[in-house]
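Hi,

Here is the structure I promised to pass on. Have a look at it first, and then read my notes underneath.

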Amino acid sequence: MSQTVTPYLEMSRAIVEAGGEALKKCYQCGTCTGTCPWTPITHFNIRKLVRFGQLGLDGIEDYMWGCSTCKFCVDRCPRGVELIDVVTAIRNVYSGGGMLPQSLRAFVGSMSARGNPWSGEQSKRNDWAKDKYPLYTQDTKYLFWTCCTVCYDPRNIKLAKAAAEVLNLAGLNWGMPSVDVNCCGESVRKVGDLELFERLKQNNLNYFNTHKVDKIITVSPHCLATFKKEYGENYDVLHLSQLIDKLIKEKKLSPKKNFGGLKVTYHDPCYLGRHSGVYDAPRDILKAIPGIDFVEMGRNREQSMCCGGGGGGLWMEKLKGERLSDLRIEEAMATGATVLATSCPYCITMFEDSTRTLNVDEQIKIKDVTELFLESLGVNMEELMASAADLNFTCKMD
Amino acid sequence: MSRIGVFVCHCGLNIAKTVRVSELAKFASTLPDVVVAKDYKFMCSTPGQEMIANDIKKHKLDRVIVSACSPLMHEQTFRKVLENAGLNKYLVTIVNIREQVSWVTHDIEEGTAKAKAVLNGAVYRARLLGPLTSRVIDVNDDVMVVGAGIAGIQASLELANTGKKVYLIEKNSTIGGHMAQFDKTFPTLDCSACILTPKMDAVMQHKNITLMTYCEVSEVKGFVGNFDVTVRQKARYIDHSKCNGCLACTEKCPGKGVSEWDEGLVKRKAIHIPFPQAVPQRPIIDRDACVFFKKGKCRLCEKVCEHKAIDFEQQDTFTTVKVGAVIVATGYDLMDTQPLVQYGYGKYPGVYNALEVERLFNSTGPTGGKVTLRDGKEPQAIAILHCIGSRDKNNYEHCSRVCCMYSLKFSHLFKEKTTADVYQFYIDMRAAGKGYEEFYNRIIEEDVKFIRGKGARVAESADEPGRLVVEAEDTITGKFVKLPVDMVVLSPAMIPRSGSKEIARLFNLSTDKNGFFMERHPKLAPLSTMSEGIFIAGVCQSPKDIPDTVAQANGAAAEALTIVEKDKMELEATTAMVNPSSCCACQNCVRVCPYGAPFFNEQKGVSEINEALCKGCGLCASVCPASAIIARHFTNDQVLAEIEGLMEF
């Protein structure tokens, strides 16, 4: 790369027009880079990304795919620069020029053709439920928004089922969407395809409008944050952990199974914590379960680490030594915990991959808080998974 | 036999770090005539002062030695302590063991040894001190203010409003200074004229202000409370007592001169007022541009003037004004950037300095407020280069302090008045005033581009004839930036106004290495000078913005008032006197005195000394071959005793 550059403000303006208005505010203090979890382990430099964007300099492609949109830098920025908007806008402007990395092409292609990132057929979106759970109708109170990842990813189907069971056990009037809906679009927006995001969003909004949806329960914090910030203000959106916490506190559901001193630590998903401000609900659930020995990792709550799965990271290849999820697993194991609980399907996927590649999958298990909670209600998750199809499961309310 | 008390100050750790203060006090107690010796953390504090006062009574002290900081700092403080305790205030001796001992060594052995030596000398001298009586003089009520920029205007109005008579001297033909050249002021973007012209008018109208424009100070005599300042009224070639300001003359005048007011960007008439809102609204003739003065004929102005105010025979005139105090507020110039050839000022028409750009923005300026280049085109890209000649050991080491902010202001105005891309090439952004950081934020969000790196070179574009290229490193990315632009604005170092060397000589002011006037103390006496009764305000002291300048002007007015409010004042008693019976009439003293205090009395055939002018420096005494001059408080006996004390170590 040449050392001599000439600022090219047309590019800078294009970024601003794509939503990167905040680009203008940055005075390059480096707080973002100093905060960014990637800085110590990769060459990604968020400050430089902004700098290249400010002046429209060539070479921006070296930095534009490194961000996992964890929002740590945004929270610390002294100038109030919405760095994620800048990253998104830069990706939008430059990926239009054919700079989309190879590993993201299948992801974006699937989103565009099938409305989900997992190359699953749209008609099979609800196959996980095996007709066991109700569809949302105009008379239903809660829409249980099934994230694509819990519909199609084999590991996360477990989470979908656990969630559905909990909703049933709570005796709530709920339903899941029909197969007409598609991905909330969060990740595709973050990789910069704003046009595709709009298309996906409109389709979902059509469903919401025609079915008069007003209360939404999400299992993925990515859907939660997207509905809250991008879908308008007509919806009352709750993360499942918030609902469960409420059910426990209102004594509508009470965990009873004693885990006998199981040491559990909790990882705050970026989109539930920093993006949505939910820190206490999942912790309170864990603390309400008898026999769970809850321990915190050093970096928790507002200062939590990122798993690396946001901003398209879930679909991008990272070299060994450049994976945040590996570091987080090591951090979790250092607490002595044998279960790493979290409340996000992306985090679960990232961490399970890491436990396998680190060869520690026997020493530490990755579970969603919902799954632990369901077990505490006396439901055996393995049985649920094995016989979900024909299991005529009726759990009694306590 | 005297009774001496010695008080050793720690000055926190300033002294105590490199002088063993308690050992020094113990040592002092062994010296002749010392009856009490103590050390204390801060002798200048109230408990410290009370300790001295109590010991004066308790031990019946008749001499006090304070071993502490420079006498410039606290001599007056401790003199007051003695006075309040009923002793003559000249019986206190300050031994400077801070600036001259503890601060100039890291070695506590060395520091303690030297402190003992100087203290020993002081004790020897103190034994020979005698009481002195101060003289009281009358004080003139009036004040002179030199320079009628915003600082001088503000100070004059403040003083005049208290009822004092003010002589406001301005070397240009109008008051207003640089502020009147500006279009907007940062960070509020107030219209400069809107806030300044009412003050200019108030000066003109004020019954207590005598406005003397197109005047320069030519001689200063006298001393605090009683200055005689001679002012030269430069010939305007127009009798202002007859001129009614109709300006018919300026319409007909064929002579063309360069407009100083518009920073040389345009021409103006030989007979002219600098700008439409000038105060006073009376023209002058620029002799160098006038056709009559150059060719011997024309006199068109004379023909059109109905009031017969044109006077080609007019000469400079001199007036002497008596005042009690003077405020010097002579302001600044921008350094000439032409010698910095790398920036191409004066070579490329697209390169401007900051004041030229101020005029381009101004609706009374050469372009009527439009930002156009010298060829009339609007620039498409503009680079503002900070720190040109400032923060530069090769030119001026000081930071000019206002450039960051006015460069931001320029960016805003460029964005407002053109569609150009605007770039700032800076080393550090300094926005440390009230509302300044917020202003910086605002400008950043107006999409001005900031390149962190000093502009290194301005060259002609090889690819696009007529355009310029700015070269610099963007230190944030480590890339070498070559930026094509149409206009380059240099933010040059602010330097003292031309002629301030002469002002310094006339008023006996010292200057720093860049020529700015020195204050008496950088923190505690920032508006006073070493010349009693002469005060300074505004950029002549150091670069500063309008708010700070106005604050200083108000402060200087208050300082001047503390002098002229008094009917009488006490003079320092430590002056020199001549013993006429010993004087050999050689007049060495008259020649060496920097203050003009000694004069030769022809009648008596001996030198005499004007005590009011004498600062007690002792120069005359040291050059007097007949030992006829006695420097009070520093007599030969006293000084020799002190040397003897020093030499014992």
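Below is what I found, going from the two chains to where they meet and then to the cores.

One thing before you start: this is a predicted model.

**The two chains**

Chain A has 17 helices and 9 strands. Its C-alpha trace spans about 70 × 50 × 35 Å along the principal axes. I also checked the radius of gyration: a compact globule of 398 residues would come out near 21 Å, and chain A has 21 Å, so the two agree. Of those 398 residues, 53% count as buried. Taking contacts in chain A between residues at least 6 apart in sequence, 77% of them join residues at least 24 apart.

Chain B has 17 helices as well, together with 34 strands. Here the C-alpha trace spans about 85 × 70 × 40 Å along its principal axes. Out of 649 residues in chain B, 47% count as buried. For contacts in chain B between residues at least 6 apart in sequence, the share joining residues at least 24 apart is 70%.

If you want to cut chain B into pieces, the domain assignment gives these:

- domain 1: 4-126
- domain 2: 143-234 + 316-331 + 497-564
- domain 3: 248-304
- domain 4: 333-495
- domain 5: 576-632

Domain 2 is therefore written as three segments, because that is how the assignment, automatic or from a database, sets its bounds. Between the C-alpha centres of domain 1 and domain 2 of chain B there are 40 Å.

**Where the chains meet**

On the chain B side, 13 residues are in contact with 16 residues of chain A. Which elements of chain B each supply at least two residues to the side that touches chain A? They are helix 12 (436-445), strand 23 (449-452) and strand 26. Strand 26 gives the most, with 5 residues. By type, this side of chain B divides into 5 nonpolar, 1 polar and 7 charged residues.

Strand 26 of chain B also takes part in a sheet that includes a strand from chain A. The sheet is open, has 4 strands in the order 1(A)-26(B)-25(B)-24(B), and its pairing is mixed. Strand 1 (4-5) of chain A and strand 24 (457-460) of chain B stand at the edges with a single partner strand each, so one side of each has no neighbour in the sheet. Strand 1 of chain A and strand 26 (residues 479-485) of chain B run parallel and are joined by 2 bridges. If you want a pair to click on, A:Thr4 has B:Phe480 in strand 26 of chain B as its bridge partner.

**Helix 3 of chain A**

Helix 3 (residues 46-55) of chain A is worth a look. How many of its 10 residues are buried? It is 10 of the 10, so the helix is largely enclosed by the rest of the structure. The buried residues include some with charged side chains, among them A:Arg47, A:Lys48 and A:Arg51, alongside A:Ile46, A:Leu49, A:Val50 and A:Phe52. Within chain A, the buried residues of helix 3 pack against helix 1 (9-20), helix 2 (31-35), helix 4 (72-76) and helix 5 (83-95). They also pack against strand 23 of chain B. After helix 3 of chain A comes A:Gly56, with a positive phi near 60°.

**The cores**

The largest nonpolar core has 257 residues, and those with the most contacts inside it are B:Val326, B:Ile327, B:Val328, B:Val488 and B:Val489. Helix 8 (residues 154-169) of chain A gives the most to this core, with 9 residues. Another core, of 43 residues, lies apart from it and includes B:Val8, B:Val19, B:Val95 and B:Tyr124.

What does B:Val328 contact, leaving aside its neighbours within four places in sequence? The list is B:Val146, B:Gly147, B:Ile503, B:Phe507, B:Phe517, B:Ile534, B:Ile536 and B:Cys540.

Back in chain A, A:Ile157 lies in helix 8. A:Ile157 counts as buried because it has 20 C-beta neighbours inside 10 Å, and 20 is the lowest count that qualifies. Not counting residues up to four places away in sequence, A:Ile157 touches A:Trp128 and A:Val150. A:Ile157 and A:Trp128 are 29 residues apart in sequence, with 6.5 Å between their C-alpha atoms.

Cheers

How values were computed. Residues numbered from 1 in each chain as written. Chains lettered and ligands numbered in written order. Predicted model: local features only at pLDDT ≥ 70, side-chain atom pairs only at ≥ 80, totals over all residues. Core = buried A, V, L, I, M, F, W, Y, C linked by C-beta atoms within 7 Å. Buried ≥ 20, exposed ≤ 12 C-beta atoms within 10 Å, placed from the backbone. Contact = placed C-beta atoms within 7 Å. Pairing = 2+ DSSP bridges. Rg over C-alpha atoms; globule rule 2.2 N^0.38 Å.
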